[in-house]
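Subject: Structure handover

Hi there,

Here is the structure I promised to pass on to you. Please have it open while you read, and my notes follow right below it.

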Amino acid sequence: MTPICLFLLFLSWTAIPAGAIDDEIPIEELDTSQTIARANDGIETLLVHGDIVPSTQRNADPCVKTGCKWFKRGGIVRVPVAISSAYTRAERNIIIKGLVTFHRSTCIRFVWRRRQRQYLHFFSGTGCWSYLGRQRTGQPVSLKKNGCLYTDTVQHEVLHALGFHHEQVRSDRDDYVNILSENILPGMARNFEKQPTNNLGTPYDFDSVMQYSKYAFSSNGEPTITSKDDPELEFGRVTEMSKNDIARVNALYECS
């Protein structure tokens with residue numbers, strides 16, 4: 001039995017059971033921003049910041065308060081999930097493995113949905129996208145087959161659903177990066193609009209799974225985002241959550 005299966009078995013009283021997952025499936029992973037940009041090519045007009053669905057239930061809630069947080073009880077944040085039966089078992093396993101990474105280092109626990117009104121529904125939609133924070137009813141998380149099924153992409157969209165924005169739009173980003181608007185694709189400048197984020201005392205993190213690459217939404221192959229300290233710095237190529245990503249989850253949800 002794999003270590004992940006053992007971990008799930010240990011948490012079986014609250015979390016997704018061990019029987020829901022198979023052994024490791026080798027997958028070629030691209031960097032997160034490239035994966036999402038490719039999968040969402042052609043549907044950007046329906047999204048903000050590249051992969052976030054505008055909420056019809058609240059007005060651009062930046063998640064600086066508790067309104068978008070999932071509920072916590074007994075020191076554990078249980079987030080109900082449902083995964084579309086349209087996925088193959090191997091595809092479901094990729095999503096489950098991405099969810100389990102949160103179990104290892106945070107107080108977030110993903111549990112199978114029963115009758116809960118608020119839950120995440122993973123399905124193969126038009127691309128990779130999510131809502132920002134908990135919504136008032138069940139909310140879809142699109143992970144397109146043959147395009148979005150990678151650990152880092154699952155983590156990225158789940159972090160949105162937990163209430164986190166992209167790194168390059170955080171409230172203090174101007175202290176760390178330059179946004180080169182002259183290189184941004186026409187109509188895509190809105191994806192770089194700064195947000196009133198709660199940064200939870202964590203530093204700007206170029207290694208965050210929420211950080212897009214320096215060439216995101218480029219119209220000419222030139223950088224759209226550069227580091228102020230090192231303009232030659234390459235970033236946005238990580239394949240999993242960073243220590244700061246985990247620290248932010250633990251800070252927002254007050255995990256002990």
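How are H3 and H4 oriented to each other? Before the answer, please keep in mind that this is a predicted model. The axes of helix H3 (residues 89-105) and helix H4 (residues 151-162) come within 9 Å, crossing at roughly 60°. An angle of roughly 60° falls below the 65 to 115 degrees that count as roughly perpendicular and is not under 35 degrees, the limit for roughly parallel. H3 and H4 are therefore oblique to each other, and their crossing is right-handed.

If you want to display that meeting place, select Ile-94, Ile-95, Gly-98, Leu-99, Thr-101 and Phe-102 on the H3 side. Their counterparts in H4 are Thr-151, Val-154, Gln-155, Val-158, Leu-159 and Leu-162.

Helix H5 (243-252) joins this part of the picture. Its buried residues are Asn-244, Asp-245, Arg-248, Val-249, Asn-250 and Leu-252, and they pack against H3, H4 and strand S3 (108-112). Just past the end of H5, Glu-254 has a positive phi of about 50°.

Now for the whole chain. The protein chain has 5 helices and 8 strands, which follow one another from the N terminus as α-α-β-β-α-β-β-β-β-α-β-β-α. Of its 256 residues, 55% count as buried. Take the contacts between residues at least 6 apart in sequence: 73% of them join residues at least 24 apart.

Next, the aromatic rings. A pair of aromatic rings is described by the distance of the centres and the angle of the planes. Searching the whole structure gives 7 aromatic pairs. One of them is formed by Phe-123 and Trp-129, whose ring centres are 5.7 Å apart and whose planes stand at 75°, so this pair is edge-to-face. Phe-123 is partly exposed, at a relative accessible area of 22%, whereas Trp-129 counts as buried at 13% relative accessibility.

Phe-206 and Phe-235 make a tilted pair, because their planes are at 50°, with ring centres 5.0 Å apart. Phe-206 belongs to the loop between strand S7 (177-179) and strand S8 (225-227), and Phe-235 to the loop between S8 and H5, so the pair ties together parts that are 29 residues apart in sequence. Both Phe-206 and Phe-235 are buried. These two phenylalanines also belong to one aromatic cluster, together with Tyr-176 and Tyr-204.

Two rings have a charged side chain over the face. Arg-113 sits over the face of Tyr-119, 3.9 Å from the ring centre. Lys-69 does so for Tyr-253, at 5.6 Å from the ring centre.

Finally, three single residues you may like to look at:

- Ile-83 is placed in strand S2 (residues 76-83). Its relative accessible area is 10%, so Ile-83 is buried. Apart from neighbours within four places in sequence, Ile-83 is in contact with Arg-92, Ile-95, Ile-96, Trp-112 and Phe-122. One of these, Ile-95, is also among the H3 residues that meet H4. The C-alpha atoms of Ile-83 and Ser-124 are 9.5 Å apart, while the two residues are separated by 41 residues along the chain.

- Ser-171 is found in the loop between H4 and S7. With a relative accessible area of 31%, Ser-171 is partly exposed. Not counting residues up to four places away in sequence, Ser-171 touches Lys-194, Gln-195, Pro-196, Thr-197 and Asn-199. For Ser-171 and Pro-196, 25 residues apart along the chain, the C-alpha separation is 5.1 Å.

- Gly-201 is in the loop between S7 and S8, the loop that also holds Phe-206. Gly-201 counts as exposed, at 83% relative accessibility. Its C-alpha atom lies 8.4 Å from that of Arg-248, 47 residues away along the chain. Arg-248 itself is one of the buried residues of H5.

And which helix pair did we begin with? It was H3 and H4, oblique to each other, with residues including Leu-99 in H3 and Val-158 in H4 where they meet.

Happy browsing, and best wishes

Methods
Residues are numbered from 1 along each chain as its sequence is written. This is a predicted model: local features need pLDDT of at least 70, side-chain atom pairs count only at pLDDT 80 or more; totals for chains, interfaces and linings use all residues. Side-chain values use heavy atoms; hydrogens and water are left out. Rings of Phe, Tyr and Trp (its six-membered ring) pair if their centres lie within 6.5 Å; planes under 30 degrees apart count as stacked, over 60 as edge-to-face and the rest as tilted. Buried means under 20% relative accessible area, exposed over 50%, partly exposed in between (1.4 Å probe, protein chains only). Helices (H or I, at least four residues) and strands (E, at least two) are DSSP runs, numbered from the N terminus. A charge sits over a ring if NZ of Lys or CZ of Arg is within 6 Å of the ring centre and within 35 degrees of the ring normal. Axes are lines fitted to C-alpha atoms, for helices over the stretch in contact, and angles run from 0 to 180 degrees between N-to-C directions. Angles under 35 degrees count as roughly parallel, over 145 as roughly antiparallel, 65 to 115 as roughly perpendicular and the rest as oblique. A crossing is left-handed if the near helix is turned anticlockwise from the far one by less than a right angle, and right-handed if clockwise. Contact means heavy atoms within 4.5 Å.
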